[in-house]
There are 2 protein chains.
Amino acid sequence: MDIKNYIEENKERFLSELFALLRMPSVSADSAYKSSIEDTARWIKEALLAAGCDKAEVCETPGNPVVYGEKHVGDNLPTVLVYGHYDVQPADPVALWDTDPFEPVIKKTELHPEGAVFARGACDDKGQMFMHVKALEYMVKEGKLPCNVKFMIEGEEEVGSKNLGWFVERNKEKLKNDIILISDTGIIAKDTPSITTSLRGLSYMEVEVTGPNKDLHSGVYGGAVANPVNVLSKMIAQLHDENNHITIPHFYDKVKEIPAEERALFAEIPFSLEEYKKDLGVADVQVEKGYSVIESSAIRPSLDVNGIWGGYIGEGAKTIIPSKASAKISMRLVPDQDNKEIEALFTKYFTELAPEGVTVKVTSLGGGPAYAMTIDNDGYRAAEKAMEKTFGKRPIPSPEGGSIPIVALFEKELGTKSVLMGFGYDSDLIHSPNEHYGLFNFFKGIETIPYFYEYFVEIHKK
Amino acid sequence: MDIKNYIEENKERFLSELFALLRMPSVSADSAYKSSIEDTARWIKEALLAAGCDKAEVCETPGNPVVYGEKHVGDNLPTVLVYGHYDVQPADPVALWDTDPFEPVIKKTELHPEGAVFARGACDDKGQMFMHVKALEYMVKEGKLPCNVKFMIEGEEEVGSKNLGWFVERNKEKLKNDIILISDTGIIAKDTPSITTSLRGLSYMEVEVTGPNKDLHSGVYGGAVANPVNVLSKMIAQLHDENNHITIPHFYDKVKEIPAEERALFAEIPFSLEEYKKDLGVADVQVEKGYSVIESSAIRPSLDVNGIWGGYIGEGAKTIIPSKASAKISMRLVPDQDNKEIEALFTKYFTELAPEGVTVKVTSLGGGPAYAMTIDNDGYRAAEKAMEKTFGKRPIPSPEGGSIPIVALFEKELGTKSVLMGFGYDSDLIHSPNEHYGLFNFFKGIETIPYFYEYFVEIHKK
């Protein structure tokens, strides 16, 4: 049976299995969901065995467990290592969801006329990861698996893959592979398939500015005491210059200028500024001077405040000078920027920005380096050919602004490249309320994956 | 019986009555406390009647009620109008209180060796207001009330006396008086009595900056979209220049330079910079260039952010560009600055500071003009003489940075001056956790007030 027919015959079951997976609130950022994390790991182990893995196990780590599975076909055949994650972002603000984030429903949208599954993790990454399990099921059942396959599904991606490095370092032999295959990114559109060729790195910091040792009456003290919120605002304001360049000294030292031919390539990526602005509801974009929207948001570094708080935030008026003000500030990095080095540069600069009269505490909340892959790679070419087969159109290489910090570590520890063949859309609201994943995308992914295996074995042999 | 003996005989009862008043959480900023507001108003009405008022009533307004009471002694005698407020600041951050903010306890401190009552409102203004009720009780019971007295105790002072103007305009005849007496300020120290001769005005604003129509993934969009928190920070940073002058155009147009002789007077007010810094736990103060700490915090205008919030403020990392960021920003004003005009100047400037790509909403949360009184006034002189009698030392005139916005309105509507004879200390943590009011101060207030009446009648007759 060909894959299309197999999907057609089994689609209801595939969805009902996916729904069961999505119902488990495996939020890694909040320890209250610990038991759900464990349930989810066990569920995936069983799903891998049911799909045809020879063996599967829940591997303990100092944090959330990693699920490992494998199907061995032949010693002389190449090995594909599938990476994905079963943990999800917190659902809050829960009030902004139209339906329960952990009770999946199918609804049609303009971009998803066939319907989309709405749930936390539908796209990022449970839905995309599960496509690989179902593709394996097809290949095993129909005797079409052309090479060995391993699965490594982790539970801490949304909190910076804190313990995956620990796991990889200790299991290099077990994880040995010829190519790593990951679906945790997106395509540009249904009629514009694309393969992600770069990911930005991340440095995520928390800062706290302390002024007076208690909240003060703003009448009695206002004008004579440094106000931590005003100070923090001024410090944040100094992190960008008027051209939206980041002002941290040496921040750009290792950032390479984008070669002209690459820029020309990016300029060809279909992009409508009008639709982009309309989708976000903004009158204008705000890019780094000299760079396009795509360049600014995908291959140039950026700095954003992700949250800020301090003083009285209740209803009405309270006339205080707060004792403290805090912010979460993260930077997206590009290849060659070292996230640890950037943390140190940020910490030094931010601390220096503080005036007399306040103290500053800077803490790292994690991160990882950027990643880039070339298009003259067996894995990239196999993915390109597989997508061309199922989409009827050659995919384009595309940079992505998000981060999967662990991908750089894979290359370092395991010596192999990662193919970022994802099937979501930027508009799928991952990390936001009403996250969803299209049925078209889910089934197209299952359809494409077996071709990747077929072509990879073919290309890799040569 | 003289007042000292009366206090000695009744001090336990005075405190137990005050405790009952402090147990009612009459927070005006939060509508959840509405029923406590009403209970408190009724309690004060009963307390006024018990103290000897001929009549007392709870007067409805469009907001929280005003308690009115009076004791008429003679048509040809002058009338003192006592103003105070029974509402209190919110207690949050509640976690920083050592004891329950609404369960008063007496504890000794370095500055209060006789003990102090710790509770929200202990000093501001329930404790100070209640001194007047007990002083009236003494004068009535002992037949020593030398003139007529009226009470106007409101329930919205901490939210800008929103409806007191409405009440005063409608009750000019009822409120007719020769002098207004208020205890809602402080003295410099036990051995340095002082009378407040000026108050700053207030304009309290709330601002909201909106960028994209939803929280965005900071990887996918970071670098291309204006981040409302970064934008708000930049806007706040632009409200002061490097000399801590406020940059709002025309903000200082009506601010008069302080005359040299007045500055000389301020320079004589006892003040230790070292103790000031030590008390606040700061390495340095931050004043307006060219002005002292006292000048900067009492007779020059100031601008402070009272609260800020936006984006993810929970545990750990969430990589979003928030859709919105907000702040509460208030300005302290000096005589001749019109708070409504300042609101308009702020709104215009702040809106203009916003870049393309965000929208800004500015709302007023109220305010009022500044107030100044001269020392050649019958009321001031009566207060000076009364304090000299009970403290054994002549009080000094002192400017205060706080605001009682309604005082300027009293002068405009009722044509009389307000004497600001308060008994708290700056260090009493009003508006902060662990607010307290010294027993010495409470009883000294009750002791001083009857002398004010006696001397005012004497001086006013001449």
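The bend at a residue is the angle between two axes, one fitted to the seven residues ending there and one to the seven starting there. By that yardstick, helix H1 of chain A bends by about 65° at A:Asn10. Keep in mind that this is a predicted model. Besides the kinked helix, the briefing looks at how the two chains relate, at ring contacts and at a few unusual backbone spots.

**How the chains relate**

- Chain A can be laid on chain B with an RMSD of 0.5 Å, using a turn of 180° and a shift of 0.5 Å along the axis.
- That is how a two-fold axis relates its copies.
- Both copies use the same surface: 100% of the contact residues of chain A turn up again in chain B.

**Helix H1 of chain A**

- H1(A) covers residues 3-22, and its end C-alpha atoms are only 24 Å apart, whereas a straight helix of 20 residues would span 28 Å at 1.5 Å a residue.
- The bend in H1(A) sits at A:Asn10, and A:Asn10 is itself one of the buried residues of this helix.
- The buried set in H1(A) also includes A:Ile3, A:Tyr6, A:Ile7, A:Phe14, A:Leu15 and A:Leu18.
- An α-helix has 3.6 residues a turn, so residues three or four places apart point the same way.
- Toward the end of H1(A), A:Glu17, A:Phe19, A:Leu21 and A:Leu22 are buried too.
- The cover over these buried residues includes three helices of chain A, namely H2 (34-51), H3 (126-141) and H13 (439-461), along with strands S4 (105-107) and S5 (116-118).
- Two residues of H1(A), A:Tyr6 and A:Phe14, join A:Tyr138 in one aromatic cluster.

**Rings and charges**

- Counting over all chains, the structure holds 30 aromatic pairs.
- Take A:Phe391 and A:Phe423: their ring centres are 6.4 Å apart and their planes lie at 10°, so this pair is stacked.
- A:Phe391 belongs to helix H11 (residues 378-391) of chain A, while A:Phe423 is in the loop between strands S17 (418-420) and S18 (436-438), so the pair ties together parts 32 residues apart in sequence.
- Both partners, A:Phe391 and A:Phe423, are buried.
- Over in chain B, the ring of B:Phe391 has the charged end of B:Lys444 sitting over it, 5.5 Å from the ring centre.
- B:Lys11 does something similar with B:Phe443, lying over the face of that ring at 5.0 Å from its centre.

**Backbone oddities**

- The peptide bond from A:Asp92 to A:Pro93 is cis, with omega near 0°.
- A:Pro93 is in the loop between strand S3 (79-85) and S4 of chain A.
- A cis peptide bond also runs from A:Asp124 to A:Asp125, this one with omega near 5°.
- For A:Asp125, the setting is the loop between S5 and H3 of chain A.
- A:His250 has phi near 70°, a positive value in a residue other than glycine.
- You'll find A:His250 in the loop between helices H6 (228-237) and H7 (260-268) of chain A, where A:His250 is exposed with a relative accessible area of 53%.
- B:Leu429 has a positive phi as well, near 60°, and is likewise a residue other than glycine.
- B:Leu429 sits in the loop between strands S17 (418-420) and S18 (436-438) of chain B, but B:Leu429 is buried, with a relative accessible area of 16%.

Conventions:
Residues numbered from 1 in each chain as written. Chains lettered and ligands numbered in written order. Predicted model: local features only at pLDDT ≥ 70, side-chain atom pairs only at ≥ 80, totals over all residues. Heavy atoms only, no water. Least-squares fit on C-alpha atoms with pLDDT ≥ 70 in both. Contact = heavy atoms within 4.5 Å. Helix = DSSP H or I, 4+ residues; strand = E, 2+ residues; numbered from the N terminus. Expected span 1.5 Å × (residues − 1). Buried < 20%, exposed > 50% of the residue type's maximum accessible area, 1.4 Å probe, protein only. Phe/Tyr/Trp six-rings, centres within 6.5 Å; stacked < 30°, edge-to-face > 60°. Lys NZ or Arg CZ within 6 Å of the ring centre and 35° of its normal.
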